[in-house]
Amino acid sequence: MTGLLSSETVTILDDLSAGRLENIPDDANFVCCDVKSPLARDVVKNGHFDAIVHLAAQTMVPASMEDPKKDMEDNIEGTVNILEAARKYGVKRIIFSSSAAVYGDIAPECLPVKETEPLRPVSFYGLSKMTCENYIRLYQKAYGLSYVIFRFANVYGERQGNGGEGGVVSIFARQLAEGKSPTVYGNGQQTRDFIYAGDISNGIRKALFSETANITCNLSTGREVTVKDAADGCFGCRACQSRSAMPRQEKEISSGQRCAVRWRENISAGRRKRIGRKDWNEPILILKKNIEENGTLCRPQTESLLPACKQIRR
């Protein structure tokens with residue numbers, strides 16, 4: 001949660017189920033609680049926030065298939081709890097982290113996918129994110145709460161665990177740091193759209209200050225990178241181990257569910273241009289610049305990929 005003005009103090013609300021206390025900045029207020037709890041509403045009430053950045057979620061597709069109820073509670077119930085607090089206590093804007101999983105299984109000929117593509121989620125995670133989006137839009141119509149919804153692609157960056165689609169970068173980095181060759185499952189031709197967490201953060205910040213609101217945007221590089229290219233090109237490692245078996249999480253789910261895990265997430269170039277920049281770097285070059293020689297993730301040295309969101313249009 002953050003104030004809309006840069007001079008205001010940031011307050012972070014996290015139950016630390018996935019985060020770590022040492023990652024909380026020293027100059028930020030911190031409250032440890034569940035986003036579904038009454039305490040979360042009290043934080044909003046007492047904080048007098050101009051805006052809320054709502055990132056809290058259950059984010060794993062396989063977990064949503066194994067326990068749809070928990071996925072619903074964490075994602076939908078948690079979001080409605082925050083929306084109610086925002087409505088009651090004068091919050092002006094909410095920035096919501098949705099996911100490309102809302103699109104479901106996209107045919108190759110429909111890539112890059114546009115925001116106008118029909119939403120047909122094939123996982124409960126995608127369904128919960130789509131439902132949250134609809135709640136947010138209705139809160140805007142009913143109560144005037146402004147919003148920006150970002151549908152993230154495969155996010156990677158420092159402090160990342162090994163879960164999720166972007167987690168493959170963290171896995172490769174760890175293997176290299178340990179002196180191992182990256183392990184690529186299958187033929188390595190599965191494609192992803194990798195976007196650096198710092199660029200996600202920059203996009204969120206710009207959305208807080210944007211004059212344009214009540215919009216939904218894909219947030220990604222808009223470029224496909226194969227898993228093998230991520231291992232070979234990004235890390236300069238040509239001798240990757242190859243395994244024909246799929247990773248465990250893809251073995252344990254049906255083919256209908258698998259498409260949500262392995263979906264070719266190439267995001268809309270049209271919306272990227274409307275955001276304002278045509279000179280986006282190739283993601284594989286960005287990955288190179290964000291990996292130190294020993295394989296650990298580091299902050300990028302290049303200019304951010306994302307321009308001012310005030311240029312976004314429907």
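These are my notebook entries on the cores and the sheet of this structure.

**Model.** I am working from a predicted model.

**Cores.** I looked up the largest nonpolar core first and found 22 residues in it. Those with the most contacts inside this core are Ile-52, Ile-82, Leu-83, Val-91, Ile-94, Ile-136 and Leu-145. Next I checked which elements give two or more residues to this core: the helices α1 (38–47), α3 (68–88) and α4 (124–143), plus the strands β4 (93–99) and β5 (146–152). Which element gives the most? That is α3, with five residues. I also noted another core lying apart from this one, with 14 residues. Ile-95, Val-148, Ile-195 and Ile-215 are among them.

**Sheet.** On to the strands. I get an open sheet of four, in the order β3-β4-β5-β10, with parallel pairing. Which strands stand at the edges? I find β3 (51–54) and β10 (215–219) there; each has a single partner strand, so one side of each is left without a neighbour in the sheet. I looked up the twist as well: ignoring direction, neighbouring strands of this sheet are turned by 20 degrees against each other on average.

**Edge pair.** I went back to β3 and its partner β4, which run parallel and are joined by four bridges. Along this pair I noted that Ala-51 stands opposite Arg-93 in β4.

**Helix on the sheet.** Last, I checked α4. This helix packs on the sheet and touches β4, β5 and β10. I read an angle of about 160 degrees between the direction of α4 and that of β4. My entry on the largest core already has α4 and β4 as contributors of two or more residues.

Note on methods: Residues are numbered from 1 along each chain as its sequence is written. This is a predicted model: local features need pLDDT of at least 70, side-chain atom pairs count only at pLDDT 80 or more; totals for chains, interfaces and linings use all residues. Side-chain values use heavy atoms; hydrogens and water are left out. A nonpolar core is a set of buried Ala, Val, Leu, Ile, Met, Phe, Trp, Tyr and Cys residues joined through side-chain atoms within 4.5 Å. Buried means under 20% relative accessible area, exposed over 50%, partly exposed in between (1.4 Å probe, protein chains only). Two strands pair if DSSP finds at least two bridges between them. Axes are lines fitted to C-alpha atoms, for helices over the stretch in contact, and angles run from 0 to 180 degrees between N-to-C directions. Contact means heavy atoms within 4.5 Å.
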